[in-house]
Amino acid sequence: MRLRHVIISLVVWGVVLGTAYLTTTIRIDRAKSKIRGAGIETIQELSKLVSLPLLDSNAQTIHAMLVYAAKKADIVHASVLDHQNEMVTLTGAEQVMPAKNPPADSGEHVSVWEGELPDHKKIFSFASDVIYSGTKIGRIHIALSAKEPLRIRNQFIIVAVSSFLVLLLLIVAIRYFPGICAIPASLTNIYRRDHGSDVALENSLIKCPLCGTQKPFSREVFKRSNFGRLLIIKASSNRSGAGGDADLKGVRLSDLAKVDDLSWFKGRILLRCAEIIKKLAA
């Protein structure tokens, strides 16, 4: 393989990889948007449900609500604080705590930010005030797993590294082991030979590779003692057998080269015979 071919292969690989990267980026953004939407919807629903139990300081009921919500959604942490920012109850990963200065609201009165657990698992955190009769009585915080965007990113990395290694091995194999290129053709020929004997030859028809005439398959089809006397072009009034007769009018195969007007016909026959020999020798 020449250097030009290597460069072309790398350029093609780079273009394909760049397209895959853009597609992966779009998929990651969509996955993150889906998580944000689900988190905002979940925390808004929970803030309404826990408002009355929080007003009554019913930590047991609040905890049951958080546990139930965690089973329905991919929540790794949920906690509720009272109006004095004291922890009322929590469920899931205890290492996740609400941020003291969360980011600005997302427009839905919910703060959203990305983070990670101590074991480096990515999460999306959501925080919202708990309101009762227009008064803030506490704050709720949940964290959702961000494993889907991470899975998409890891898939791209695996595909990129694997495709580069395969391309590198292919270049090395073609460069230093040129005989490998002939293996697919050899396997194809072996397959054709193995499946060529599946035909029931006794009841088959054979087609002449030159004229396309079909006849019953036998050893006598192409057996002829003198092909030179074969009338390859006959008069239109001749209705005799396929073998022809030496006394009939026409152009014999041995005389074809002597007729200048049929030089193109001779060339066609030679080219067709060469194609047949090439296919049979493959």
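Tutor: Buried means under 20% relative accessible area, and exposed means over 50%. Keep both cut-offs at hand. The model here is predicted.

Student: What share of the residues of the protein count as buried?
Tutor: The cut-off is under 20% relative accessible area. The count runs over the 282 residues of the protein. The share that counts as buried is 24%.

Student: How much of the exposed area do carbon and sulfur atoms supply?
Tutor: Start with the total. The protein exposes about 20000 Å². Of this area, carbon and sulfur atoms supply 59%.

Student: What pLDDT does the protein average?
Tutor: Take the spread before the mean. A score of at least 70 is reached by 75% of the residues. The average pLDDT of the protein is 79.

Student: Over which residues is the pLDDT below 50?
Tutor: This stretch does make contacts in the model: 12 of them, beyond near neighbours in sequence. Where pLDDT is low, the predicted coordinates should not be read in detail. The stretch with pLDDT below 50 covers residues 240-246.

Student: How many helices and strands does the secondary structure come to?
Tutor: Take strands and helices in turn. The protein has nine strands. Its helices number six.

Student: What share of the contacts between residues at least 6 apart in sequence join residues at least 24 apart?
Tutor: Pairs less than 6 apart in sequence are left out of this count. Among the contacts that remain, those joining residues at least 24 apart make up 47%.

Student: Are α1 and α4 roughly parallel or antiparallel?
Tutor: Helix α1 spans residues 3-49 and helix α4 spans residues 147-176. Their axes lie 9 Å apart, at an angle of about 170 degrees. Angles over 145 degrees count as roughly antiparallel. The two helices, α1 and α4, are therefore roughly antiparallel.

Student: How many nonpolar residues does the contact of α1 with α4 have?
Tutor: Sort the residues in the contact by class. Five are charged and four are polar. The nonpolar residues number 16.

Student: Is Ile152 buried or exposed?
Tutor: Ile152 sits in helix α4. Aside from neighbours within four places in sequence, it is in contact with Thr24, Arg27, Ile28 and Ala31. Its relative accessibility is 4%, under the 20% cut-off, so Ile152 counts as buried.

Student: What distance separates the C-alpha atoms of Ile152 and Ile28?
Tutor: Along the chain, Ile152 and Ile28 are 124 residues apart. In the model they are in contact. Their C-alpha atoms are separated by 6.6 Å.

Student: Is Val159 buried or exposed?
Tutor: Val159 is also placed in helix α4. Its C-alpha atom is 9.0 Å from that of Leu17, 142 residues away along the chain. Its relative accessible area is 53%. The cut-off is over 50%, so Val159 is exposed.

Student: Which residues does Lys32 touch, not counting those up to four places away in sequence?
Tutor: Lys32 belongs to helix α1. With a relative accessible area of 22%, Lys32 is partly exposed. Its C-alpha lies 7.6 Å from that of Ala146, 114 residues apart in sequence. The residues it touches are Glu114, Phe124 and Pro149.

Student: Which residues does Ser51 touch, not counting those up to four places away in sequence?
Tutor: Ser51 is in helix α2. At 8% relative accessibility, Ser51 counts as buried. It touches Val130, Ile131, Tyr132 and Ile137.

Student: What phi does Ser57 have?
Tutor: Ser57 is in the loop between α2 and α3. It is exposed, with a relative accessible area of 62%. Most residues other than glycine have a negative phi. Ser57 is not a glycine, yet its phi is positive, at about 55 degrees.

Student: And where is Asn85 found?
Tutor: Asn85 has a positive phi of about 60 degrees, and it is not a glycine. At 53% relative accessibility, Asn85 counts as exposed. It is found in the loop between β1 (75-82) and β2 (87-92).

Conventions. Residues numbered from 1 in each chain as written. Predicted model: local features only at pLDDT ≥ 70, side-chain atom pairs only at ≥ 80, totals over all residues. Heavy atoms only, no water. Helix = DSSP H or I, 4+ residues; strand = E, 2+ residues; numbered from the N terminus. Buried < 20%, exposed > 50% of the residue type's maximum accessible area, 1.4 Å probe, protein only. Contact = heavy atoms within 4.5 Å. Areas by Shrake-Rupley, 256 points an atom, 1.4 Å probe, with all protein chains shown as cover. Axes fitted to C-alpha atoms, helices over the stretch in contact; angles between N-to-C directions. Parallel < 35°, antiparallel > 145°, perpendicular 65-115°, else oblique. Nonpolar A, V, L, I, M, F, W, Y, C, P; charged D, E, K, R; others polar. pLDDT = per-residue confidence, 0-100.
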